Amino acid sequence: MENERLVRDQNITLERQVHERTQELEKSNDNLNNTLSQLKSAQSKLVESEKMVSLGQLTAGIAHEINNPINFVTSNVKPLELDITDLLTVIKKYEEIDTSKNVDDQLSSIEEYKKQIDINYINEEIRTLLSGIKDGAHRTAEIVSNLKNFARIDEANVKFVNLNRGLQSTLLLVKNSFPRDFILNKEFGDIPDVECTAGKINQVFMNIITNGLQSIEERQATNPGVGILSIKTFEEDGKVKVSIKDNGTGIEENIREKIFEPFYTTKPVGQGTGLGMSIVKGIIDSHNGTIEVISNFGDGAEFIITLPINYLN
């Protein structure tokens with residue numbers, strides 16, 4: 001009976017301890033879930049912050065690019081208006097000819113006025129001004145088209161797209177970021193269309209190209225010289241490869257392994273979230289592709305992106 005009592009007491013003590021431990025574990029689990037939720041929220045905000053940084057850079061470039069052709073159009077409007085006013089005056093003078101009076105004298109007066117305003121020059125200037133307005137409008141439409149192609153707002157789903165067109169659109173949108181002494185080498189191969197989410201792949205191109213341009217400017221600040229960005233596309237072993245190479249500062253060996261880590265950045269505080277290349281790696285991984293970095297410090301860097309033609313199969 002004593003043994004049974006001891007066993008019962010031990011069972012009661014053990015159950016109490018298990019219950020207390022279970023409560024502690026449940027509390028710890030709740031704390032972990034709350035922490036995880038907060039981390040996910042923070043990560044989401046940081047990702048959005050990185051997107052806003054890219055959007056800000058893109059917007060600044062687009063504003064500059066659109067401003068040029070728009071200024072060309074607006075600067076041509078005023079002289080065109082003056083020329084048209086002179087032509088309308090000539091037309092009005094012809095309409096006001098009084099056939100009951102000496103017509104020759106009236107025509108001579110009109111001819112004198114036409115010489116005074118140099119009608120031949122006006123006709124030529126109108127053609128030039130209209131051509132300039134047409135070119136400005138065409139350039140503005142081209143920029144908008146490239147922006148649409150870059151974002152691929154109407155193609156959020158996976159589709160077969162040509163990476164050459166995506167690269168071309170991206171380059172036109174970041175053109176304002178090109179250094180002063182700069183050469184762009186493009187070697188776009190005859191590549192097949194790739195199954196991908198075009199907007200995300202274009203974001204990859206933009207991040208890498210922008211980083212390359214910034215690296216070139218950083219090198220030029222201490223070692224002046226021509227900046228070179230080379231972009232090459234080609235097909236190899238049934239996959240499409242994109243090489244983006246710059247002659248900027250390069251990447252130190254101990255840093256190369258870290259550049260794709262979340263929150264790692266070599267930029268000064270306040271100039272980067274450290275998520276740009278992490279997002280790039282995530283997008284490439286989600287497309288079953290790979291990204292390779294070849295670089296020696298002081299000798300530029302090359303990023304080689306490899307994407308399968310059919311990544312869903």
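These legends accompany several close-up views of a predicted model.

**Figure 1. The whole chain, with its helices and strands.** Welcome to the overview. The predicted chain contains 7 helices and 7 strands. Starting at the N terminus, the elements follow the order α-α-α-β-α-β-β-α-β-β-α-α-β-β. Of the 313 residues, 35% are buried. Among contacts with a separation of 6 or more, 71% link residues 24 or more positions apart. About 19400 Å² of the chain is exposed, and 52% of that area comes from carbon and sulfur atoms.

**Figure 2. An open, mixed sheet of 5 strands.** Follow the sheet across and you meet the strands in the order S2-S4-S5-S7-S6, with mixed pairing. Strand S2 (182–188) and strand S6 (290–295) each have a single partner strand, so both stand at the edges and one side of each has no neighbour in the sheet. On average, and ignoring direction, neighbouring strands are turned by 10 degrees against each other.

**Figure 3. Strands S5 and S7, paired side by side.** Here strand S5 (residues 239–246) meets strand S7 (residues 301–308) in the antiparallel sense, over 8 bridges. If you would like a pair to look for, try Asp246, whose bridge partner in S7 is Ala301.

**Figure 4. Two helices that meet the sheet.** Helix H4 (residues 163–173) lies across S2, S4, S5 and S7. The direction of H4 is at about 165 degrees to S2. Helix H5 (residues 198–222) also packs on the sheet, where S2, S4, S5, S6 and S7 are touched by this helix. Relative to S4, helix H5 runs at about 150 degrees.

**Figure 5. Thr233 and its surroundings in strand S4.** Which residues does Thr233 contact, leaving aside its neighbours within four places in sequence? They are Asn164, Leu167, Glu187, Phe188, Gly189, Ile191, Lys241 and Val242. Thr233 sits in strand S4 (residues 227–236). With a relative accessibility of 2%, Thr233 counts as buried because the cut-off for that class is under 20%. A polar atom of the Thr233 side chain is 2.9 Å from the backbone nitrogen of Gly189.

**Figure 6. The aromatic pair of Phe178 and Phe182.** The structure has 1 aromatic pair. Its members are Phe178 and Phe182, and the arrangement is tilted: the centres are 4.7 Å apart and the planes make 35 degrees. Is each ring's residue buried or partly exposed? Phe178 has a relative accessible area of 22% and is partly exposed, whereas Phe182, at 18%, is buried. These two residues fall into separate classes because buried means under 20%.

**Figure 7. Edge strand S6 and its hairpin with S7.** Take a stroll along S6 and watch the side chains alternate. Ile291, Val293 and Ser295 point to one face and are buried. Thr290, Glu292 and Ile294 point to the other face and are not buried. This fits a general pattern: in a regular strand, side chains alternate between the two faces of the sheet. S6 and S7 run antiparallel and are joined by 6 bridges; within this pairing, Glu292 stands opposite Ile304 in S7. The two strands, S6 and S7, make a hairpin with 5 residues between them. In the turn, look for Gly298, which has a positive phi of about 90 degrees.

Methods
Residues are numbered from 1 along each chain as its sequence is written. This is a predicted model: local features need pLDDT of at least 70, side-chain atom pairs count only at pLDDT 80 or more; totals for chains, interfaces and linings use all residues. Side-chain values use heavy atoms; hydrogens and water are left out. Helices (H or I, at least four residues) and strands (E, at least two) are DSSP runs, numbered from the N terminus. Buried means under 20% relative accessible area, exposed over 50%, partly exposed in between (1.4 Å probe, protein chains only). Contact means heavy atoms within 4.5 Å. Accessible areas come from the Shrake-Rupley method with a 1.4 Å probe; for residues, only the protein chains shown count as cover. A polar contact is a pair of N or O atoms within 3.5 Å; within protein, one must be able to donate a hydrogen and the other to accept it, and residues adjacent in sequence count only if both atoms are side-chain atoms. Two strands pair if DSSP finds at least two bridges between them. Axes are lines fitted to C-alpha atoms, for helices over the stretch in contact, and angles run from 0 to 180 degrees between N-to-C directions. Rings of Phe, Tyr and Trp (its six-membered ring) pair if their centres lie within 6.5 Å; planes under 30 degrees apart count as stacked, over 60 as edge-to-face and the rest as tilted.
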